[in-house]
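Subject: Structure for your files

Dear colleague,

Here is the structure I said I would pass on. My notes on it follow below.

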Amino acid sequence: MGLFKKEKSLDQASMKEGVGLITLTEPTSVIAEQFRTVRTNIQFSSIDQKLRSVVFTSAGPLQGKSTVSANVAVTWADQGVNVLLVDADMRRPTVHQTFQVPNKKGLTSLLTGDKFDFNTTIQKTPVDHLFVLPCGVVPPNPSELLNTKKMDKLIQELTKHFDLVIFDVPPVVSVTDAQILASKVDGTILVVPQGIVEKGSVAKAKELLEVVHARILGTIMNRVKAENTGGYYGGYYGGYYGAEEIK
């Protein structure tokens, strides 16, 4: 028996292929409608203060935060709002694969360069009004890069150019990146997959966000089974909201 327990490797599918964009491929589906409902609920959660920057995270890895953030970004852009989706998960980036854009330059380039060159880093997407800032080269020190005054300045500049900036960040319990960015933006959304994440893990994530005084807008429960929706609105919101249909 080895002295140290071997860590279980994480699934690499989303990093190789991106996440599913059902709001783009099946915009009239029930699941796409649920993403629009999520968008509306987030908008109404902050009526008094206009949201300009939002972080999407989860308690642990592979819980759907990249899928949710990308699809909500599409629904937001569909309203004619200029949206920028930033791949701030510099440990497991997916945005460039999801939207099939180059990843040679991105967030890392902006944080390590002499000046902000948005022309070579921010990419258009097939969705009108939706732009993405990919991760770029994966750095050895993501949390150190995010916890800088340059990151503060970058957020200020991005929110000047876009109506809404959405950050896809690593799981909050796993690394400190999510805490750092959550303390810098207008609001934070926690993605919670039903039946997968443990209650204690969600509580720990909430505690860690509260430590940095993050403004938690709410949680999004994904991968919910139809029998647990209670048939509200005659089952309109029924069906799976995640695991089987969405990566």
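Of the contacts in the protein with a separation of 6 or more, 79% are between residues 24 or more positions apart. Please bear in mind that this is a predicted model. The protein has 11 helices and seven strands, and 50% of its 247 residues count as buried. About 12,500 Å² is exposed, with carbon and sulfur atoms supplying 52% of that area.

The largest nonpolar core holds 37 residues, and those touching the most other members are Leu107, Met151, Leu158, Phe167 and Leu181. Elements that give two or more residues to this core include strand E2 (83-87), helix H8 (149-161), strand E5 (164-168), helix H9 (177-182) and helix H10 (199-211). Beyond its neighbours within four places in sequence, Leu181 contacts Val55, Ala88, Leu146, Met151, Ile155, Phe167 and Val169. There is also a second, separate core of 32 residues, with Leu21, Ile42, Trp76 and Ile166 among them.

I looked at H10 in some detail. Its 13 residues reach 19 Å from first C-alpha to last, close to the 18 Å expected at 1.5 Å a residue. Val202, Ala205, Leu208 and Leu209 are buried in H10. Because they cover an arc of only 125° around the axis, they lie on the same side of H10. Their cover includes H9, E6 and strand E7 (216-222). On the face turned away from the buried side, H10 carries the exposed residues Lys199, Gly200 and Val211. Just after H10, His213 takes a positive phi of about 60°.

Regards

Note on methods
Residues are numbered from 1 along each chain as its sequence is written. This is a predicted model: local features need pLDDT of at least 70, side-chain atom pairs count only at pLDDT 80 or more; totals for chains, interfaces and linings use all residues. Side-chain values use heavy atoms; hydrogens and water are left out. Helices (H or I, at least four residues) and strands (E, at least two) are DSSP runs, numbered from the N terminus. Buried means under 20% relative accessible area, exposed over 50%, partly exposed in between (1.4 Å probe, protein chains only). Contact means heavy atoms within 4.5 Å. Accessible areas come from the Shrake-Rupley method with a 1.4 Å probe; for residues, only the protein chains shown count as cover. A nonpolar core is a set of buried Ala, Val, Leu, Ile, Met, Phe, Trp, Tyr and Cys residues joined through side-chain atoms within 4.5 Å. The expected span of a helix is 1.5 Å times one less than its number of residues. The arc is that of the directions from the helix axis to the C-beta atoms.
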